[in-house]
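Work through these exercises with the model open beside you. Each task is followed by its solution in steps.

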Amino acid sequence: MSRVYLSPPDVGNEERTLLLEALDSGWVAPLGPHVDMFEADLARRVGVPYAVAMSSGTAALHLALLLVGVGPGDDVLMPTFTFVATANAATYIGARPVLVDCDAETWQLAPDLLAQELQDRARLGTLPRAVMTVDLYGQTADYGRLAPLCEEYGLPLVEDAAEALGATHRGAAAGSFGEAAVFSFNGNKIITTSGGGMLVSRHKELVDRARHLATQAREPEVHYEHVDLGFNYRMSNLLAALGVAQLRGLDRRVQRRRAINQAYRQALASTPGISFMPQAPYGEPNGWLTCILVDPEGFGYSREDIRVALEAQDIEARPTWKPLHLQPLFAQTPVVGGAVAAGIFGQGLCLPSGSSLSDADLHRVVDVVERLAARA
Ligand SMILES: *Cc1c(COP(=O)(O)O)cnc(C)c1O
């Protein structure tokens, strides 16, 4: 039996064909027709007019924040329950992340806490420069409440949709909210280019600027002329070819991940002490990762016991994100609340959820959990 991974790349013949096509065309690097195609296909899929492919989701977040006007010394409000890249993007600029807790009902940025924080800051004259939302574990944030709040205070919203390609909020695609949104095509995401990202926006000027800055801010001269500080953040044409192929199979991948989520829910429905990440009433998740909470009182063993038991069977599972306010890197960073995210981290476990996971391997995972429960 081979190792079961948490969320491995799911690649097949279409990827092989398009990659070789790009190679044979001579468009190896840096840019080329597959980059244009990937950008156009993804923009169409998300329903936003403009997109620029990047070397990573983190690079795209960095530029998105720069381009909505975040500068050194600015505050950027964002959830504490996320991957470190969300906050790093602000830190690269010399801005300060301000971490806000999540809702227990959605695991997403808590609208009530954000509303209170913005109200307090408006009174003190210390409004942040921007708000970042994260569509965590493939479910969107609560835009019905978060977007009007940003509008009320005139704050740009940047959507970190790195985990959420294919998810929707009231029918609108993840990545269609805010001034700019970002996707990741890292190896563990729902589609992958081995490494890569995309910045999307309905503002043409913002995306044009991002493309310029991501290309070392090279001016249109025959020699190398530079006015702005740029970055080497573009995606190579070979990787974009992978992305075109992966995107064509997005619906199948979303369906498979959702089916995996349903199968886990059914199989573990009556296991005491196990509950699932709640599904928000406002949208459809993409099923990126199936996350459970393990209550040691009810289950008899801890989250870590389950993880170790899975590992002993060569199955990879990971704790849910450690909230950023608990990271040594952000020890000095202000935090609004934080107990909800800390509680989820204490009990949360992500189960193998890749779109290439077989039913047999899924049952191997369930068996380990059930056998442990039977011993309790
Ligand atoms: C993966 C991820 C990123 C970073 O994307 P990379 O392509 O790995 O740089 C950013 N934010 C969140 C929430 C992520 O999960």
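A polar contact is a pair of N or O atoms within 3.5 Å; within protein, one must be able to donate a hydrogen and the other to accept it, and residues adjacent in sequence count only if both atoms are side-chain atoms. This is a predicted model: local features need pLDDT of at least 70, side-chain atom pairs count only at pLDDT 80 or more, and totals for chains, interfaces and linings use all residues. Residues are numbered from 1 along each chain as its sequence is written, and side-chain values use heavy atoms, with hydrogens and water left out.

**Exercise 1. Describe the polar contacts of the ligand and its cover.**

Step 1. Start with Thr 58. An N or O atom of its side chain is 2.5 Å from an oxygen atom of the ligand.
Step 2. Go to Asp 160. A polar atom of this side chain lies 2.7 Å from a ligand nitrogen.
Step 3. Add Lys 189. Its polar side-chain atom is 3.3 Å from an oxygen atom of the ligand.
Step 4. Now the cover. On its own, the ligand has 380 Å² of accessible area (Shrake-Rupley method, 1.4 Å probe), and the protein covers 94% of that.

**Exercise 2. Break down the shell around the ligand.**

Step 1. Count the shell. It holds 16 residues (a heavy atom within 4 Å of the ligand), and Glu 163 and Ser 184 are among the closest.
Step 2. Sort by class. There are 5 nonpolar, 8 polar and 3 charged residues; Gly counts as polar here.
Step 3. Find the helices (DSSP runs of H or I, at least four residues). H3 (57–67) and H4 (84–93) each supply at least two shell residues. H3 gives the largest share, 3 residues.

**Exercise 3. Trace the sheet of 8 strands.**

Step 1. Read the order. Strands (DSSP runs of E, at least two residues) pair if DSSP finds at least two bridges between them. The open sheet runs E1-E9-E8-E5-E4-E2-E3-E14, with mixed pairing.
Step 2. Mark the edges. E1 (50–54) and E14 (335–336) each pair on one side only.
Step 3. Check the E14 end. E3 (96–100) joins E14 in parallel through 2 bridges. Leu 99 has Val 335 as its bridge partner.
Step 4. Place a helix. H7 (204–214) lies across E1, E8 (180–184) and E9 (197–201), at about 20 degrees to E1.

**Exercise 4. Explain the edges of the sheet of 3 strands.**

Step 1. The order is E7-E6-E11, with antiparallel pairing.
Step 2. E7 (172–173) and E11 (283–284) each have a single partner strand, so one side of each is left without a neighbour in the sheet.
Step 3. E6 (168–169) pairs with E11 over 2 bridges. Thr 168 stands opposite Glu 284.

How values were computed. Contact = heavy atoms within 4.5 Å. Axes fitted to C-alpha atoms, helices over the stretch in contact; angles between N-to-C directions.
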